[in-house]
Amino acid sequence: EYVKLIDTTRCTACRGCQVACKQWNEMPASRTRNFGSYQNPPDLQWNTWTLIRFQEYEDAQSGFSWLFRKDGCMHCTDAACIKVCPSGALYHTDYGTVALNQRACIGCKACVPACPFDVPRFNPANEKVYKCDLCYNRLRHGQQPACILSSPTGALSIGKKETMIDKAYRRVEQLGGKATVDGDKF
């Protein structure tokens with residue numbers, strides 16, 4: 001099972017992952033309007049599978065900072081979207097990621113409310129659902145996903161689940177944190 005590790009301490013919110021995803025998957029841009037945030041577009045869309053979300057934060061001492069995070073499919077091990085898909089269009093790949101067979105999608109949208117992360121998006125133009133497949137076509141050919149390659153600071157990495165968990169623990173220790181929950185490794 002492969003997992004993607006996102007080190008938010010190294011992310012600069014450059015949105016390179018967002019652009020690389022659109023380019024690799026040849027997805028068209030959508031016209032947007034400024035709504036007072038650096039986040040663009042305002043949400044995930046059928047043609048935007050990864051998004052850097054921005055939030056402005058002001059603390060009690062009037063200190064201001066930006067909080068941001070990468071949003072997209074979590075490639076759940078126990079994926080609700082797969083469980084509710086009546087056509088079998090959503091499935092686990094041999095890497096443990098969640099992929100979508102567009103030809104099998106019947107556009108029922110059952111996966112949309114089933115996803116606890118609000119990821120699958122419906123395109124009314126062709127009545128199909130879309131989502132990230134973690135560049136399954138690249139993984140099959142020994143290449144990393146486009147979003148991983150685009151990170152100039154190394155904020156994104158991918159690998160076998162055990163390796164990525166160990167890497168996360170090491171990073172937490174480097175940052176001076178504790179890599180335990182209730183005394184157990186999480």
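Visitor: Why is His-75 counted as buried?
Guide: The relative accessibility of His-75 is 10%, and buried means under 20% relative accessible area, with exposed over 50% and partly exposed in between (1.4 Å probe, protein chains only). His-75 therefore counts as buried.

Visitor: And what sort of model am I looking at?
Guide: A predicted one, where local features need pLDDT of at least 70 and side-chain atom pairs count only at pLDDT 80 or more, while totals for chains, interfaces and linings use all residues. Residues are numbered from 1 along each chain as its sequence is written, and side-chain values use heavy atoms, leaving out hydrogens and water.

Visitor: Where does His-75 lie?
Guide: In the loop between E3 and helix H2 (80–84). Those labels are DSSP runs numbered from the N terminus: helices (H or I) have at least four residues, strands (E) at least two. His-75 also has a positive phi of about 50 degrees, although it is not a glycine.

Visitor: What about Arg-15, why is that one partly exposed?
Guide: Its relative accessible area is 25%, so Arg-15 falls between the two cut-offs. You'll find Arg-15 in the loop between strand E1 (2–6) and H1, and its phi is near 70 degrees, again positive in a residue other than glycine.

Visitor: What makes Arg-121 and Asp-43 a salt bridge?
Guide: The rule asks for a side-chain nitrogen of Lys or Arg within 4 Å of a carboxyl oxygen of Asp or Glu. For Arg-121 and Asp-43 the N to O distance is 3.3 Å, so the pair passes. It links distant parts of the chain: Arg-121 sits in strand E6 (residues 121–123), Asp-43 in the loop between helix H1 (16–24) and strand E2 (50–58), 78 residues apart. Arg-121, at 13%, counts as buried, whereas Asp-43, at 26%, is partly exposed.

Visitor: How do you know that Arg-53 and Asp-71 are bridged?
Guide: Their closest N and O atoms are 2.6 Å apart, so the cut-off is met. Arg-53 is in strand E2 and Asp-71 in strand E3 (residues 64–72), 18 residues apart. Both Arg-53 and Asp-71 are buried.

Visitor: Which aspartate does Arg-69 bridge to?
Guide: Asp-71, with the closest N and O atoms 3.7 Å apart. Shared partners join Asp-43, Arg-53, Arg-69, Asp-71, Asp-118 and Arg-121 into one network. By this rule the structure has nine salt bridges.

Visitor: What makes an empty space a cavity?
Guide: On a 1 Å grid over the protein atoms alone, it's a set of points where a 1.4 Å probe fits but cannot get out; lining residues have an atom within 4 Å of a point. Four cavities here are of 30 Å³ or more. The largest has a volume of about 110 Å³, a volume being the space filled by probe spheres set on points joined across faces, edges and corners. Its lining has 15 residues, with Cys-11, Cys-14, Cys-17, Ser-151 and Ala-155 nearest the centre.

Visitor: Which residues make the nonpolar surface patch?
Guide: Tyr-38, Phe-64 and Trp-66, covering about 360 Å². Patch residues have over 30% relative accessible area and no salt bridge; nonpolar side chains (Val, Leu, Ile, Met, Phe, Trp, Tyr) are joined within 5 Å, like charges within 9 Å. Areas come from the Shrake-Rupley method with a 1.4 Å probe, and for residues only the protein chains shown count as cover. Tyr-38 lies in the loop between H1 and E2.

Visitor: What makes the Asn-40 to Pro-41 peptide bond cis?
Guide: Its omega is near 0 degrees. Pro-41 is found in the loop between H1 and E2.

Key
1 Å grid on protein atoms, 1.4 Å probe; cavity = no way out; pocket = protein on both sides within 12 Å on 5 of 7 lines; lining within 4 Å.
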